Amino acid sequence: MAMEFDPTAFIDLAESLLAELSPLPTPTSKLDQARVRASIGRSYYGAYLVAREKLVSLGGFVPTGRPEDHSRIVESLGGFGSELGGRLDRLRAKRNKDDYNLNSAGFTLQSGRFWLTIAQDLAKDISSLK
Amino acid sequence: MRKTTGPRNVLVRTPAAVKVTEGAQSMISLLTLENAMAAVKASVEDLRRKGAPIKEVIVEREIDPEIANRQVLAVTVWMQGVTPGYASSVWKRLHENIKARKALLGREDQGKLRTLVSVGVDVDGDGI
């Protein structure tokens, strides 16, 4: 029987994508920007799936499989006003921009590293919820 | 010789630039989010006065491209030239500041701040 996928691997992948940036990354390098954007996307899904599985295991969340699950998870974590819910919501907003917005502003290596740190912290903090 | 007291070289911190998009402004007016926004701005200003290197604050109306009928007033506090760990700690302090100011608001404004306004931090730098 196949082992269940560990979503923190998405966060590890996000880290390795940033490590693959060219030695002197520039905003004009399409591939470097794509790596930063992909890293933020994987960071979000890693944190989101860790949250979803944890909330399901605690019995406080039933996934519907619809897009609304993303905002329901934020609500279950306490909403925008809570530290965990607020961070996950902002990470999703950043992921939305990186996947849908072609404006290159705000997709620097520094930003990629920042959101990776947020995802790593979220995964750790959410995993320890009881 | 008489000792004179001229202007001293005192670092003057000017308030962080707050850019509000047209869509955000409409949302603030339509949903009367002025008090909630004032609490957020004052919380950011507290941090800036205490030395957080805040470059600018962007306020946008944010629509989720994948979730129907979901919009929030998104406030992004941009910092430059800081480590991820430092930016994360500023976000935590900002969260605490907003929580304290939220308690001073009326019940209706507290609800609006909780359900309609999402505040976060982001980091920018030179190059990519």
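**Exercise 1. The largest pocket**

Find which element gives the largest share of the lining of the largest pocket, and how many residues that share holds. Then describe the pocket by volume, lining and residue class.

Solution.
Step 1. S2(B) gives the largest share of this lining, 5 residues. Before going on, note that this is a predicted model, in which local features need pLDDT of at least 70 and side-chain atom pairs count only at pLDDT 80 or more, while totals for chains, interfaces and linings use all residues. Residues are numbered from 1 along each chain as its sequence is written, chains are lettered from A and ligands numbered from 1 in the order in which they are written, and side-chain values use heavy atoms, with hydrogens and water left out.

Step 2. Place S2(B) among the other contributors. Helix H4 (83-100) of chain A and, from chain B, strands S2 (54-63), S3 (71-80) and S4 (117-124) are the elements that give two or more residues to the lining. Helices (H or I, at least four residues) and strands (E, at least two) are DSSP runs, numbered from the N terminus.

Step 3. Give the volume and the lining. The pocket has about 430 Å³ and is lined by 22 residues. Nearest its centre lie Lys97(A), Ala105(A), Gly106(A), Glu60(B) and Trp78(B). On a 1 Å grid over the protein atoms alone, a pocket is an open set of points with protein on both sides within 12 Å along at least five of seven lines; a cavity is a set where a 1.4 Å probe fits but cannot get out, and lining residues have an atom within 4 Å of a point. A volume is the space filled by probe spheres set on the points, which are joined across faces, edges and corners.

Step 4. Sort the lining by class: 9 residues are charged, 8 nonpolar and 5 polar. Here Ala, Val, Leu, Ile, Met, Phe, Trp, Tyr, Cys and Pro count as nonpolar, Asp, Glu, Lys and Arg as charged, and the others, Gly among them, as polar.

**Exercise 2. The second largest pocket**

State which residues lie nearest the centre of the second largest pocket, and which element gives the most to its lining.

Solution.
Step 1. The second largest pocket holds about 230 Å³ of space. Its lining has 17 residues, and those nearest the centre are Phe80(A), Gly81(A), Ser82(A), His95(B) and Ile98(B).

Step 2. At least two lining residues each come from H4 of chain A and from helix H3 (84-102), helix H4 (107-116) and S4 of chain B. H3(B) gives the most, with 6 residues.

Step 3. By class, this lining has 7 nonpolar, 5 polar and 5 charged residues.

**Exercise 3. The cavity**

Say how many cavities of 30 Å³ or more a search of the whole structure finds, and describe the lining of the largest cavity.

Solution.
Step 1. The search finds 1 cavity of 30 Å³ or more. The volume of the largest cavity is about 40 Å³.

Step 2. From chain A, its lining takes Glu83(A), Leu84(A), Arg87(A), Ile118(A), Asp121(A), Leu122(A) and Asp125(A); Lys92(B) also belongs to the lining.

Step 3. H4 and helix H5 (109-127) of chain A each supply at least two of these residues. H5(A) gives the most, with 4 residues.

Step 4. By class, 5 lining residues are charged and 3 nonpolar, with no polar residue.

**Exercise 4. Chain A and three residues of H2**

Describe the make-up of chain A, then decide whether Ser43(A), Leu31(A) and Ala34(A) are buried, partly exposed or exposed.

Solution.
Step 1. Chain A has 5 helices and 0 strands, in the order α-α-α-α-α along the sequence. Its C-alpha atoms fill a box of roughly 45 × 35 × 25 Å, taken along the principal axes.

Step 2. Of its 130 residues, 50% count as buried. Buried means under 20% relative accessible area, exposed over 50%, and partly exposed in between (1.4 Å probe, protein chains only).

Step 3. Ser43(A) lies in helix H2 (residues 30-57) and counts as buried because its relative accessibility is 0%. Not counting residues up to four places away in sequence, Ser43(A) touches Ile11(A), Ala14(A), Leu91(A), Trp115(A), Leu116(A) and Ala119(A). Contact means heavy atoms within 4.5 Å.

Step 4. Leu31(A) is also in helix H2, and its relative accessible area of 53% makes Leu31(A) exposed. From C-alpha to C-alpha, Leu31(A) and Leu21(A) are 8.3 Å apart, with their positions 10 residues apart in sequence counted as separation.

Step 5. Ala34(A) is found in helix H2 and is partly exposed, at 38%. Ala34(A) and Leu21(A) are 13 residues apart in sequence and 9.8 Å apart in space, C-alpha to C-alpha.
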